[in-house]
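User: I would like to learn how to read the symmetry, the chain contacts and a helix crossing in a model with several chains. Please take them one at a time.

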Number of protein chains: 4
Amino acid sequence: MALTLLKISCPDRVGLLARLTSFVAYHGGNLLEVNQFTDPLNKWFFARLAIDSASLALDPAALRKAFTPLGSDLEGEWTIRETRQKMRVVLMVSKLDHCLADLLWRWRSGELPMAIPLVISNHEELRSVVEREGIPFAFVPVTAGTKASAFEKMECLFREVEADLVVLARYMQIFPATLCERWHGKVINIHHSFLPSFAGANPYKRAYERGVKLIGATCHYATADLDAGPIIDQDVVRVEHFHTPEDMLRLGRDCERMALARGVRYHVEDRVLIHGNRSIVFRD
Amino acid sequence: MALTLLKISCPDRVGLLARLTSFVAYHGGNLLEVNQFTDPLNKWFFARLAIDSASLALDPAALRKAFTPLGSDLEGEWTIRETRQKMRVVLMVSKLDHCLADLLWRWRSGELPMAIPLVISNHEELRSVVEREGIPFAFVPVTAGTKASAFEKMECLFREVEADLVVLARYMQIFPATLCERWHGKVINIHHSFLPSFAGANPYKRAYERGVKLIGATCHYATADLDAGPIIDQDVVRVEHFHTPEDMLRLGRDCERMALARGVRYHVEDRVLIHGNRSIVFRD
Amino acid sequence: MALTLLKISCPDRVGLLARLTSFVAYHGGNLLEVNQFTDPLNKWFFARLAIDSASLALDPAALRKAFTPLGSDLEGEWTIRETRQKMRVVLMVSKLDHCLADLLWRWRSGELPMAIPLVISNHEELRSVVEREGIPFAFVPVTAGTKASAFEKMECLFREVEADLVVLARYMQIFPATLCERWHGKVINIHHSFLPSFAGANPYKRAYERGVKLIGATCHYATADLDAGPIIDQDVVRVEHFHTPEDMLRLGRDCERMALARGVRYHVEDRVLIHGNRSIVFRD
Amino acid sequence: MALTLLKISCPDRVGLLARLTSFVAYHGGNLLEVNQFTDPLNKWFFARLAIDSASLALDPAALRKAFTPLGSDLEGEWTIRETRQKMRVVLMVSKLDHCLADLLWRWRSGELPMAIPLVISNHEELRSVVEREGIPFAFVPVTAGTKASAFEKMECLFREVEADLVVLARYMQIFPATLCERWHGKVINIHHSFLPSFAGANPYKRAYERGVKLIGATCHYATADLDAGPIIDQDVVRVEHFHTPEDMLRLGRDCERMALARGVRYHVEDRVLIHGNRSIVFRD
């Protein structure tokens, strides 16, 4: 069933949800799922309304136009999107393919409602597993000397393919701060530790040395502050004394896959709203 | 903060949530949490609205009166309750005290917002752990011959203490079908298996014999059909080949405690709506 | 590091492990991992000894010969296997490819130490995803009339490729009882429910109707008794009232993948011993 | 069934387990459970052997004497203990009672095989819940000026009651470094975060501010280095955007209880061996 998704965050006040739902009802919209949250500390309102598109009198563009006065009045950040218009997601990888393979499978099977116009890598190793799915693969090498120009080139590619989202599926290069800012809330990373534990390099080795009994993975938005952006989802798995750092790599891969797949799904289904360094995730 | 909770289920139609939220806004109510679900198969609408009591112009009784015409028009089953009026919960036990001790701790610490006017048991063993908390303890023995009169007596006790809910915290007697029906949706049981596996007697022993790798517990409403009522919550724990039925008893106790405590909390916070044999649980 | 794995089950008696470890020490073997379990109810002994192959004076064939008198004296069922000799695993599928894709990825990446000499299917749909990995694909249609001859043909294929294990990766046909018996302990199935709940057809639909709050998957050995063979591993995921049977399909796929991948790994690493209808799994 | 537990760690060499199990067999001991682990990085050997006491020709003291030459030859750290001689555990608390109540229940029910000769607190609040269980309660106030003498007094109490283990069940004072060293491996703490995340004060508040999606608890040995000692067990629970720091307190309490109860059980059942900053836990 095609849905029209209205997502909004704004300062809280009495009667907000009544105004939003009345707007939808006025245009004939049948609400299938409503998620609403008011942050009691910041007095901020967040909502996601899923409307049966067939019940609406207006198309998405007309609905956006009709909503604009109300959105402005509420001082809201908002989007209205129709699910038939799938988000365009660029995947970025280096040499490890477990997250890539997982996302490709979920995309191919229709589980993840998104388009993948391009995969970018700083290595050639994964070209064939991408191209055999009929997806273009761009090799953009990154060296100490060429880093700035390489990321400029990549940003051009994002624009060319009209990317709505960039997913760093174990892409082993740090995104420049300015790029993170321009694409704020549109770059998702998977970090192979349970943040804030073991931010930075070699988390499994450090987890082993610390002797933790659970390891994990964190799916978060990339920001200029490394591994410190808003968290979308996390996953953990139990480890024991007999697990070597290599075992942790193996066990961690499943955590990474699961946390990343869920994080991407929440984003492409308009389930995530960012507020400061925290994320509101209307999970299903 | 005191909340006024409006809970409703009714046939679905366009504009329902707009009408409900407009009603709340009309009376000045500031919504703190809204949960809404429409069952797409049955076309049935379920909602829970948590309103800041301080923002409301009316007290609960007046609000109930004001809501009655709308509630009737929607053909809804609904309740309006103020959280300062805690639910009155009767606990029933036999000889095992792990669930009882856990509920008593959560009640005493204020974690579970409820009153416990009475504990009933068919044995004397747990009298002291109840009375030392200042809670009355009623010993109502049940034998094959006295079963009917014993349950009549217990139902009288429920009424005397104005019970809103009865919790079978490992009470080892089967409730009569007619009692289940009169108290439909008001009797919560904890079954020590992951239902529908191992309904009935000796679930851990049967789990051991089957060689399952996970055991669990199920918190559900008691109905005339044994262990088949609407499920509120379930929990599981991993077991291995070296776990004997006695180990399962130990591991299962923690599952039972957790599933029962959550189930009771959801109920006393008006988070559960029953529809046929399924339960809608607006978890927090 | 290459390991020599000694796996044994036998009646319990005093001094068993001393005799086994002395045998290994006598042949210079350095033990890297020892798992032992004695079933207190059946007085049965189970052990797995992982020996550094480089430390052994004998090769696997010679070691087997040297062990034979001790093995007989203990009335044991035992195997000695060298990990460089990977198990040969035949995968069987119908049209659903999530388990297949997962196993193929784990095999290709080296995570699952096994060879895949053949994939068999009763449909043609998955031929390309198999053949592009360089693995032969055999299409063996099964109809009501041809069932017996089809399974005879498949058993011939198992023998031709010298299969050590057959994995039913969502293969939608029921194995004949006699085939299950001949291949006892060598056919692994994944069932898409948390057994013994919802054995048989359409488990997700039935789980939805029952209103359970957790769904799961079960990896077990196929026996003549449908969905009742020894369980190797199980997995669960929380579901809520808003999850439709279709959502359960999606959530369940990840459970199925994980439980099956673990079950296969335990088997191909000689970590599973079967005793009656229970399995001893020396997990890592 | 009474067990004799032999626990040992020593440098690895060929034939170690054979020598240990032969020693046990020589004295008629029937092994019920053997756990062994060799750390491949440090070449260190760890084992726990559970022997049916009834099968042994020697009593624990005589067995210890008989084992001494072998233990020395192996350069091992070892203990031999009979389970009828329960460990003596001193509990320490401040004002929060959730961990205390949980441990008391598990002790009273016989789930935790230990004696509790004393509970010490720096506050009077929990005296009654301790004394009503028939356990002595010592009030030892700690102020900035009296800290040194207070901990001297407490150490005297540990010795007086012949404590084998001290459990900090949310005791809100930092143990002096020298005390940690003298009682190395004999002081268990529960920290209310998933270490190494949020070591130190106010972990739930900081977890909230960071916006993590899982919170946890860590049971570890106290060392001079705050919150950095060897970890015995960890637990986590999922949190969402709507959980306030107060909700996290509530959810975290169950994690703390579970992780601490497991950690204490592993210790009093001789299941933990410490090696540097890591712990080997032979879980059951």
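Analyst: Copies are superposed by least squares on the C-alpha atoms of residues with pLDDT of at least 70 in both. This is a predicted model, in which local features need pLDDT of at least 70, side-chain atom pairs count only at pLDDT 80 or more, and totals for chains, interfaces and linings use all residues. Residues are numbered from 1 along each chain as its sequence is written, while chains are lettered from A and ligands numbered from 1 in the order in which they are written.

User: By what turn and what shift can chain B be laid on chain D?

Analyst: Two copies of a chain are related by a rotation about an axis and a shift along it. Here a turn of 180° with a shift of 0.0 Å along the axis lays chain B on chain D, at an RMSD of 0.0 Å. That relation is the one of a two-fold axis. The C-alpha of chain B nearest the axis belongs to Asp102(B), at 4.1 Å.

User: What turn lays chain A on chain D?

Analyst: A turn of 180° does, with a shift of 0.0 Å along the axis and an RMSD of 0.0 Å. In chain A, Ser197(A) comes closest to the rotation axis, its C-alpha being at 2.4 Å.

User: How many residues does each of chain B and chain D give to their contact?

Analyst: Two residues are in contact if their C-beta atoms, placed from the backbone, lie within 7 Å. By that criterion chain B gives nine residues and chain D nine. Helices (H or I, at least four residues) and strands (E, at least two) are DSSP runs, numbered from the N terminus. On the side of chain B, H3 and H8 are the elements that give two or more residues, and H8(B) gives the most, with three. This side divides into four nonpolar, no polar and five charged residues; Ala, Val, Leu, Ile, Met, Phe, Trp, Tyr, Cys and Pro count as nonpolar, Asp, Glu, Lys and Arg as charged, and the others, Gly among them, as polar.

User: Why do the copies B and D meet through the same surface?

Analyst: They do so because 100% of the interface residues of chain B are also interface residues in chain D.

User: At roughly what angle do the axes of H3 and H8 of chain B cross?

Analyst: Axes are lines fitted to C-alpha atoms, for helices over the stretch in contact, and angles run from 0 to 180 degrees between N-to-C directions. The axes of H3(B) (residues 98–108) and H8(B) (residues 245–268) cross at roughly 45° and come within 9 Å. Residues in this contact include Asp102(B) of H3(B) and Arg253(B) of H8(B).
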